[in-house]
Amino acid sequence: REILECRLSAAWLGKLGKSRQVGWQREILQRKGLGKMKLTHSTTWDVAVGRQGEFLAINRRSAVIHKRCGASDIKLLASQAGAPQTEWTYVMFFDDETAWAKCMGAMDTDAEWLELGREFSVDPCARATRSNLYRDLL
């Protein structure tokens with residue numbers, strides 16, 4: 001676990017040495033601890049008009065799988081203003097970097113997740129437009 005946390009933290013900091021880390025990075029790592037920061041992963045989708053119900057059903061199934069694999073919470077956000085109403089964002093929350101890494105690794109071999117991906121890819125009801133991984137600094 002410690003090796004995994006070190007690898008993740010090194011990746012997060014772009015493998016910068018302490019001399020190149022800015023003060024806020026050092027302060028956060030010292031306060032929160034190596035590998036202990038909460039992570040949020042989001043994927044933004046352009047949902048096909050008329051297929052929102054299908055996309056919602058797929059995301060309900062995805063949420064069950066992701067929670068089983070280690071996500072602490074899941075949200076599916078539909079744009080109400082500032083973006084097209086066909087823009088929806090699926091958000092996974094993780095208690096720390098270890099939980100995120102565990103979930104990502106588990107999905108590589110999770111039979112239910114792989115089957116859902118096969119079903120979705122036959123006739124996708126949405127197109128992924130952006131994916132982000134965020135670190136909670138507070």
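How much area does the chain expose, and what share of it do carbon and sulfur atoms supply? Here are some friendly notes to read beside the structure, which is a predicted model.

1. **The surface.** The chain exposes about 8400 Å², and 56% of that area is supplied by carbon and sulfur atoms. As for the inside, buried residues account for 37% of the chain's 138 residues.

2. **The overall plan.** Try tracing the chain from its beginning. You should meet five helices and four strands, arranged along the sequence as α-α-β-α-β-β-α-α-β. Take the contacts between residues at least 6 apart in sequence: 74% of them join residues at least 24 apart.

3. **Helix α3.** A good place to pause is α3, which covers residues 52–69 and has 18 residues. From its first C-alpha to its last it reaches 25 Å, close to the 26 Å expected at 1.5 Å a residue. Just after α3 comes G70, which has a positive phi, near 135°.

4. **The buried residues of α3.** Which residues of α3 are buried? They are F55, I58, N59, S62, A63, I65, H66 and C69. Look at the spacing of these numbers with one rule in mind: an α-helix has 3.6 residues a turn, so residues three or four places apart point the same way. For an example, find F55, I58 and S62 in the buried set.

5. **What covers them.** The cover over the buried residues of α3 comes from several parts of the chain. Among the strands it includes β1 (39–47), β2 (73–78), β3 (87–94) and β4 (126–135). The helices α4 (97–107) and α5 (111–122) are also included in this cover.

6. **α3 beside α5.** How do these two helices lie relative to each other, parallel or antiparallel? Their axes come within 10 Å and cross at roughly 160°. An angle over 145 degrees counts as roughly antiparallel, and α3 and α5 are therefore roughly antiparallel to each other. The crossing of α3 past α5 is left-handed. On the α3 side, the contact is made by F55, I58, R61, S62, I65, H66 and R68. On the α5 side, the residues are E112, W113, L116, E119 and F120. Notice that F55 is both buried and part of this contact.

7. **The end of the chain.** Finally, find L137, in the segment after β4. L137 counts as partly exposed because its relative accessibility is 36%. Now look for L39: L137 and L39 are 98 residues apart along the chain, yet their C-alpha atoms are separated by 9.4 Å.

Conventions: Residues numbered from 1 in each chain as written. Predicted model: local features only at pLDDT ≥ 70, side-chain atom pairs only at ≥ 80, totals over all residues. Heavy atoms only, no water. Expected span 1.5 Å × (residues − 1). Buried < 20%, exposed > 50% of the residue type's maximum accessible area, 1.4 Å probe, protein only. Contact = heavy atoms within 4.5 Å. Areas by Shrake-Rupley, 256 points an atom, 1.4 Å probe, with all protein chains shown as cover. Axes fitted to C-alpha atoms, helices over the stretch in contact; angles between N-to-C directions. Parallel < 35°, antiparallel > 145°, perpendicular 65-115°, else oblique. Left-handed = near helix turned anticlockwise from the far one by under 90°.
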